[in-house]
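Please open the model in your viewer and keep the selection tool handy. We will go from the whole chain down to single residues and back out again.

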Amino acid sequence: QSVQEFHEDLFPDCTGTLPATNAQVWWAGDSQQVGRVSLHPARRPRETFTSPVIAGTGPTNTGHTDSDTGHTDGDTGHTNGDTGHTDADQTSGYSSPSSLASPSSAATSLSASTGPSSGFASSPSQKSLQSILGEQAAGWARDALLGGFRALTHPSPAPGPSSRFRHAQGRVLHRDHHLTNLRGLSLTTPGECDGFCANHQRVALPLLSAGGQIAVLELSKPGRLPDAAVPTIQNGAAVADLTWDPFDPRRLAVAGEDARIRLWRIPEGGLQETLQEPEAILQGHTEKIYSIRFHPMASDLLVSSSYDMTVRIWELSAGREVLCLQGHTDQIFSMAWSPDGKKLATVSKDGWIRLYEPRRSSQPQQEGPGPEGGRGARLVWVCGGDYLLVSGFDSRSERRILLYQAQALPEGPLSVLGLDVAPSTLLPFYDEDTSVVFLTGKGDTRVFLYEVTPEPPYFLECNSFTSNEPHKGFVFLPKTACEVREVEFT
């Protein structure tokens, strides 16, 4: 099998970057979906971002790489612009994960030996796998590739169901592709925040210095940052959460501890001087904000949650609050728009998961029992938006993941899987095309991977990934950043 083959079944068309509608039209009832774009190299739109971080060198044994995950690591604060894979011969760094979902699975873990961050590559999906299995991965083992999450394709004799992606593995890029010498990073962002944020072009990282400063770094300019201070955004209040506008790569929304949301516009080409004047300030919350999320379909629509126990939806073009969602009686740990943008799910310290349809009511449409432990929780929509995956704790502080049917929240979780005992909330990221969820916590060195299925046993364990130093943040770039020739899927 040629590594250059395009696996149509592994890479369905993915979400594009143009909004389907705007805020006003969405409120009026429009539910159009964002247009999808092909990942086939010959059919990609011209303006698709190709990271200049790593120049493609053709199908040699160094391989193409691409700006993939943007992890920020621990003590030195490198930002890793990619993930990696390795070939089937390099087995010296492997160790078995605890087999939680499929005890006899031959899943393996790759210890990063090349740097302090981590990342991911994949196997082709079942159809491609079947055509490759006859060759026992011989064609795949020839090249040691440096980008993406990729799998060994030899079959495992494990009885019972096992994931098609159980051999997914990652490797850290060479330090030449990192952003290094990051100074004064804030490591105290709330548990509701991913720690930093990234898009195709740049990363934004909260700094410790007074006034809520934020560094904005270009992915196209890797390497060691100068010892002198870099230009920053002066947010004016400590940063609680921050996120890039999915439809405008130059707009950054920042939630402050002063109960305000500021919208910042990054100049073309990046930050050259200190930015002090936001494009807009949104006021309405009466206490510190926990988290903010852009709408996945409509432009200029943002949702925020706060210590005032409300969730508010904002129309950015008008700079105003449109709706205040009610029903929470304690801290709101996490919220997520459904993939079609029609519903909003929340999980709260009061022990409940709530489902809202904001265009119909400000009261929850459904409520169901959430994780027992009140230490923190996160949630993501999975399996086409029919299910919710929640990461949280039990009463003894064991970290666990729970799967719910979105239309049957009152019935409680379909499945609960205990992972380990650790203090930080697991941050989940879900890849819709492969149905694989990635989970790690701030301060963790391990990334858990599971394929999520809508039938028992629900969670199929894949390789976990271990890095040398603790993660301080965890984010993924849009799918269009993947180098599909190397079977990167995230």
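**A tour from chain to core**

Start with the cartoon view of this predicted model: the protein chain holds three helices and 37 strands. Now colour by burial. Of the 490 residues in the chain, 60% are buried. Switch on the surface, and about 18200 Å² is exposed, with carbon and sulfur atoms supplying 48% of that area. If you prefer a contact map, take the contacts between residues at least 6 apart in sequence: 59% of them join residues at least 24 apart.

Next, select residues 239-245, which form strand β16. Is this strand mostly covered or not? It is mostly covered, since seven of its seven residues are buried. Add residues 248-256 to the selection to bring in strand β17, which pairs with β16 in the antiparallel sense over six bridges. The two strands are joined by a hairpin through two residues. Zoom in on D245 and you will find its bridge partner, D248, in β17.

Now show side chains for F11, L39, V436, F438, V447, L449 and F474. These are the residues with the most contacts inside the largest nonpolar core, a set of 20 residues. Strands β34 (436-440) and β35 (446-452) each supply at least two residues of this core.

Which residues does V436 touch? Leaving aside residues up to four places away in sequence, its contacts include F165, F429, L449 and F489, along with Y430, D431, Y450 and E451.

For a last stop, select V380, L389, I401 and Y450: they are among the 18 residues of a second, separate core.

Conventions. Residues are numbered from 1 along each chain as its sequence is written. This is a predicted model: local features need pLDDT of at least 70, side-chain atom pairs count only at pLDDT 80 or more; totals for chains, interfaces and linings use all residues. Side-chain values use heavy atoms; hydrogens and water are left out. Buried means under 20% relative accessible area, exposed over 50%, partly exposed in between (1.4 Å probe, protein chains only). Helices (H or I, at least four residues) and strands (E, at least two) are DSSP runs, numbered from the N terminus. Two strands pair if DSSP finds at least two bridges between them. Contact means heavy atoms within 4.5 Å. Accessible areas come from the Shrake-Rupley method with a 1.4 Å probe; for residues, only the protein chains shown count as cover. A nonpolar core is a set of buried Ala, Val, Leu, Ile, Met, Phe, Trp, Tyr and Cys residues joined through side-chain atoms within 4.5 Å.
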